[in-house]
Each structure stands twice: as structure tokens, then as C-alpha cells.
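Reader: I would like to learn how to read a ligand site and the backbone around it, taking one feature at a time. Could we go through an example together?

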Amino acid sequence: MTQVTCDIGISLDGVSAGVNQSREQPFGDGVGDGELLHAWMFEHAESHRAEIDTITAAGAFVMGRHMFTPGRGEWDLGWRGWWGEDPPYHAPVFVLTHHEREPLEMEGGTTFHFVTGGPQEALERAREAAGDRDVSVAGGATTVNQLLALDLIDELRLHVAPVVLDVAGVRLFDGVGQHRLRPAGGRITPEVAHLTYRR
Ligand SMILES: NC(=O)c1ccc[n+]([C@@H]2O[C@H](COP(=O)([O-])OP(=O)(O)OC[C@H]3O[C@@H](n4cnc5c(N)ncnc54)[C@H](OP(=O)(O)O)[C@@H]3O)[C@@H](O)[C@H]2O)c1
């Protein structure tokens, strides 16, 4: 049966991205090139192969527009995502946005669909597209927090980097209300603590 999973990287103080995202600083101010949060994934991929493979195994993805682009307002139609012509998703990706855009078909099976009807519609379309496979919520925290508030995430996989950032930014769990989660697994490594919770 399809499950809704979510993988998100945070600092010990809950930051998932800094402010002022730009093409030069995809993760915003105060988080370096993302290496402070994602060194495990970018610089130590082989030590974390199982966790990385689990993320990309989903049959469809949901993400917020800032995960797809540093752009704001009307679309720059020349922007085709951060990942080049063959993004790592290899599946339909439903991008939440207030600005309509035609679907964008990439190489390798990834098609970006732009959804203006809110997180429930995005999730519903992703479920249909995924068939029996899981739907993965890929971030950022603004999108994840909306789905947590709606209690629509079955399995939350936190990747907690051993850093305190103390910067202005987007924090996981802001405004989601009170939730009791069930610990369902974990692995502590020098680069990151992988912690899995179920609702
Ligand atoms: N730490 C991690 O694991 C991780 C993962 C993913 C991303 N990131 C980083 O996090 C940052 C992006 O995260 P974020 O939290 O700022 O933003 P986000 O969730 O990626 O995107 C937010 C945008 O999505 C659209 N959106 C969200 N909810 C919507 C709704 N209900 N209806 C319609 N549109 C909606 C809006 O775009 P418009 O109004 O502009 O259309 C909104 O401004 C980036 O710096 C990215 O690199 C980090």
C-alpha cells in the first residue's frame, strides 16, 4: 500500500534552510553550500547509500517551489530545475506553487507538474501517479510543515546534522501543532543522525 514518506535534513536547532535563497546559494544564508546540513549526502554518499537509495525509491514526489527554483513571482520558463536534464527523481514530481506552468518533461522519467490547488491536491495527484509505490515529500520545510499539520505524512525520516546554525531560516515543525510520533528506527553516524518516526 502506498505510504507517504518524508526525508528532510535539519540542524540540531531545527533549521532546514537559511533566508535569501538565490542561484548562488540554493540553501540560503548561513548554511554554506548546504554542506553544513548535507555533507553526509554530498561528501559521504557511500557511507549513506541505503538512506539515499530509500529516498529516491518513491514512485512520485511532492515538493515546494523553492526546492525547484530560486525564482519568485512569474516563472522564468528557461529554468528547468537545479539538477540538469536528468534529475535524480526518475518519476513524476508535483511542485506546489501559486503560479501556473505547463508540465516539464525531463530525461530519465522525471516530469515536473506544477500544482496550484494546495498540498492535498498535490498529494492526491502524486498518489495516483505512484501506483503501489510510496509518495515522497521532498521539502522544503514550508511544504513539509503543511503536510505535517494536516497529519498526512506516514513516515518522517529526519537527517539531523550535528551542527547548531542559529540563523534566521525555515524551521521544521513550525506551526504544525502537537504530534506524538512513534520512533521506528535510527542510525547514528559521525556526519548525521538518521531518525525515523511514524505517526
Ligand atoms: N534541508 C533539506 O532537507 C531541504 C530539503 C529541500 C529543500 N531545502 C531548501 O529549503 C529551501 C526551500 O524550502 P522552503 O521551505 O523555503 O520552501 P518550499 O516549501 O520548497 O517552497 C515554498 C513555495 O512553494 C509554494 N507553495 C508552498 N505551499 C503552497 C500552497 N499551499 N499553495 C501554493 N503554493 C505553495 C510557494 O511558491 P510560490 O508562491 O512562489 O509559487 C511557496 O513560496 C531551499 O533553500 C532549499 O534548498 C532543504
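Author: What follows is a short dialogue on the ligand, the pocket and two points of backbone geometry. Please keep in mind throughout that this is a predicted model.

Reader: Where should one begin with the pocket, and how much space lies in the largest pocket?

Author: The general idea is that rolling a probe the size of a water molecule over the atoms shows where empty space is left. In this structure, about 1200 Å³ of space lies in the largest pocket, and among the 46 residues that line it, H66, M67, A138, G139 and G140 are the closest to its centre. Two or more lining residues come from each of strand 1, strand 2, helix 1 (35-42), helix 2 (49-56), helix 3, strand 7 (135-137) and helix 5. By residue class, the lining of this largest pocket divides into 21 nonpolar, 21 polar and four charged residues.

Reader: Which pocket is the space taken by the ligand, and which elements give two or more residues to the shell around the ligand?

Author: The ligand takes the space that is the largest pocket. Strand 1 (4-10), strand 2 (15-18), helix 3 (65-68) and helix 5 (141-149) each give two or more residues to the shell around the ligand, and helix 5 supplies the largest share, four residues. Of the 25 residues around the ligand, those that come nearest are G9, P26, T97, H98 and T142, while the shell as a whole divides into ten nonpolar residues, 14 polar and one charged.

Reader: Which atoms of the protein lie at polar-contact distance from the ligand, taking 3.5 Å as the cut-off?

Author: An oxygen atom of the ligand is 2.7 Å from an N or O atom in the side chain of T143, and a ligand oxygen is 3.3 Å from a polar backbone atom of A141. A nitrogen atom of the ligand, in turn, is 3.4 Å from an N or O atom in the side chain of H38. As for cover, the ligand on its own has 930 Å² of accessible area, of which the protein covers 88%.

Reader: What kind of peptide bond joins G139 and G140, and what is the phi of D151?

Author: As a general guide, most residues other than glycine have a negative phi, and most peptide bonds are trans. Here, G139 and G140 are joined by a cis peptide bond, with omega about -5 degrees, and G140 lies in the loop between strand 7 and helix 5. D151, although not a glycine, has a positive phi of about 60 degrees, and D151 is placed in the loop between helix 5 and strand 8 (155-160).

Terms used. Residues are numbered from 1 along each chain as its sequence is written. This is a predicted model: local features need pLDDT of at least 70, side-chain atom pairs count only at pLDDT 80 or more; totals for chains, interfaces and linings use all residues. Side-chain values use heavy atoms; hydrogens and water are left out. A residue is near a molecule or strand if one of its heavy atoms lies within 4 Å of it. A polar contact is a pair of N or O atoms within 3.5 Å; within protein, one must be able to donate a hydrogen and the other to accept it, and residues adjacent in sequence count only if both atoms are side-chain atoms. Accessible areas come from the Shrake-Rupley method with a 1.4 Å probe; for residues, only the protein chains shown count as cover. On a 1 Å grid over the protein atoms alone, a cavity is a set of points where a 1.4 Å probe fits but cannot get out, and a pocket is an open set with protein on both sides within 12 Å along at least five of seven lines; lining residues have an atom within 4 Å of a point. A molecule sits in a cavity or pocket if more than half of its atoms lie within 2 Å of its grid points. Ala, Val, Leu, Ile, Met, Phe, Trp, Tyr, Cys and Pro count as nonpolar, Asp, Glu, Lys and Arg as charged, and the others, Gly among them, as polar. Grid points are joined across faces, edges and corners, and a volume is the space filled by probe spheres set on the points.
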